[in-house]
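Good morning, colleagues. Please look at the sequence and the structure on the screen while I discuss one surface feature and the packing of some helices.

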Amino acid sequence: MDDGRPIFLQIAEMIENSIIDGTLVEEGQVPSTNELAAFHRINPATAGKGVNQLVDDGILYKKRGIGMFVATGARAKLRDRRREEFARQYLQPLLAEAHKLGIDVDELKHMIDRWEEER
């Protein structure tokens, strides 16, 4: 909780990560804003803002008087969105630089395969 981004966005991202990795399952209950606030030592309104962002995005939904739950299809929706962000953030610059250096797609694939083998 210290990377310079607003805390509510960090809370939303932590919940998203838990959905993507399966810690929070679809139709499963999400920790309450008070629980999130106590755990992270933040204002409950800040935690609520992060949770409400996910409600607005259709990732979570509220059962009145019970709490927040992960929506059906949330994991796939998040994975699709993250893949698009990954392509925009990493692949576009990679391909632009490869083009400048005269590296074609086949050579780029070979380079990736070689790096993967060395891991």
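**Surface patch and helix packing**

Leu91 has a relative accessibility of 35%, and because residues from 20% to 50% are classed as partly exposed, Leu91 belongs to that class. I should say at once that this is a predicted model.

Leu91 lies in helix α4. Leu91 is also one member of a nonpolar surface patch, and its partners there are Phe86, Tyr90, Leu94, Leu95 and Ile112. Together, these side chains belong to residues with about 560 Å² of accessible area. Which helix gives the most to this nonpolar patch? The answer is helix α4, residues 74-101, with five residues.

I now turn to packing. Two packed helices are described by the angle between their axes and by the distance between those axes.

Helix α4 packs with helix α1, which spans residues 7-20. The angle between α1 and α4 is about 110°, and their axes are 9 Å apart. Since angles of 65 to 115 degrees count as roughly perpendicular, that term applies to α1 and α4. As for handedness, α1 and α4 make a left-handed crossing.

The second pair consists of helix α2, residues 33-40, and helix α3, residues 44-56. The axes of α2 and α3 come within 8 Å and cross at roughly 120°. How is this pair classed, and why? The roughly perpendicular range ends at 115 degrees and roughly antiparallel begins over 145, so α2 and α3 are oblique to each other. The crossing of α2 past α3 is right-handed.

Definitions and conventions:
Residues numbered from 1 in each chain as written. Predicted model: local features only at pLDDT ≥ 70, side-chain atom pairs only at ≥ 80, totals over all residues. Heavy atoms only, no water. Patch = residues over 30% accessible without salt bridge, like charges linked within 9 Å, V, L, I, M, F, W, Y side chains within 5 Å. Areas by Shrake-Rupley, 256 points an atom, 1.4 Å probe, with all protein chains shown as cover. Salt bridge = Lys/Arg side-chain N within 4 Å of Asp/Glu carboxyl O. Helix = DSSP H or I, 4+ residues; strand = E, 2+ residues; numbered from the N terminus. Buried < 20%, exposed > 50% of the residue type's maximum accessible area, 1.4 Å probe, protein only. Axes fitted to C-alpha atoms, helices over the stretch in contact; angles between N-to-C directions. Parallel < 35°, antiparallel > 145°, perpendicular 65-115°, else oblique. Left-handed = near helix turned anticlockwise from the far one by under 90°.
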